[in-house]
Amino acid sequence: MAKVLYHITMSLDGFVAAPGDDMTWLSGLHAGPNPVVERVIGGIGAIVMGHNTYAPATTAEGKVYGGRWEGPIFVVTRSAAPSPGFTLVPDLGEAVSSASAAAGDGYVAVLGAATARRCWEAGLLDEVLVHIAPVLLGDGVRLFERPGGAPVRLEVLELSHAGPIANAWYRVR
């Protein structure tokens, strides 16, 4: 059965996107090969993303995982225009269920902070893999934002690094 994995790169100060959902901060970040990234990309069977992640992914430069992964992508949205290679689904539970069926024994990678938070709130999130980049953004979209919420406890599965990038892989308890 597929596991639902929030997979993301984050700045050292906890942001996954700069203000305005700007992801260009990642383009200047070349850290060399990362065995954890290669292993997880090879294990992904399907992707679930939200509307904010979908818009940049439909551009020529915005291929998922830089074009190193291809497969079924389910977009949780009610207002986006269809694009080849993406299945638009209005309901989060339906998107995760469809992605899990498509992924088989692989991972369903969740892309996007809001979508990952919604997966956690719905009890659908199994694991979190964060690659921590040596950059401070100072502002933007946080890895996980729940104002006034209780802490979410995680269990360490793997901690490692590849060059300047730290890899932190956790199971949601």
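## Burial and the Glu127–Lys3 pair

A residue counts as buried when its relative accessible area is under 20% and as exposed when that area is over 50%, with partly exposed in between. In this predicted model, Glu127 has a relative accessible area of 3% and is therefore buried. Lys3, at 37%, is partly exposed.

The side chains of Glu127 and Lys3 form a salt bridge, with 3.4 Å from N to O. Glu127 belongs to strand β7 (residues 127-133) and Lys3 to strand β1 (residues 3-11), so this salt bridge ties together parts of the chain that are 124 residues apart in sequence.

## Other salt bridges

The count of salt bridges in the model is five. Side chains of opposite charge can pair when their charged atoms come close. Two further pairs are described here.

Arg68 and Glu38 are joined through their side chains by a salt bridge of 2.8 Å, N to O. This pair also links distant parts of the chain: Arg68 sits in the loop between α2 (51-57) and β4 (73-76), while Glu38 is in helix α1 (residues 35-43), and the two are 30 residues apart. Glu38 is partly exposed, its relative accessible area being 41%.

A salt bridge also connects the side chains of Arg117 and Glu121, at 3.2 Å from N to O. Both residues are in helix α4 (residues 113-121), where they are four residues apart, or about one turn of the helix. Arg117 has a relative accessibility of 25% and counts as partly exposed. Glu121 is likewise partly exposed, with a relative accessible area of 47%.

## Ser11 in strand β1

Ser11 is located in strand β1, the strand that also holds Lys3. With a relative accessible area of 0%, Ser11 is buried.

Which residues is Ser11 in contact with, leaving aside its neighbours within four places in sequence? They are Trp25, Ile132, Ala133, Val135 and Leu137. Ile132 and Ala133 fall within the residue range of strand β7 (residues 127-133), the strand in which Glu127 lies.

## Confidence in the model

The chain has a mean pLDDT of 91, and 95% of its residues reach 70 or more. Among the elements of the chain, helix α3 (residues 92-103) has the highest mean pLDDT, 98, and α2 the lowest, 73. Where pLDDT is low, the predicted coordinates should not be read in detail. The element α2 is also one of the two that flank the loop containing Arg68.

Note on methods: Residues numbered from 1 in each chain as written. Predicted model: local features only at pLDDT ≥ 70, side-chain atom pairs only at ≥ 80, totals over all residues. Heavy atoms only, no water. Salt bridge = Lys/Arg side-chain N within 4 Å of Asp/Glu carboxyl O. Buried < 20%, exposed > 50% of the residue type's maximum accessible area, 1.4 Å probe, protein only. Contact = heavy atoms within 4.5 Å. pLDDT = per-residue confidence, 0-100.
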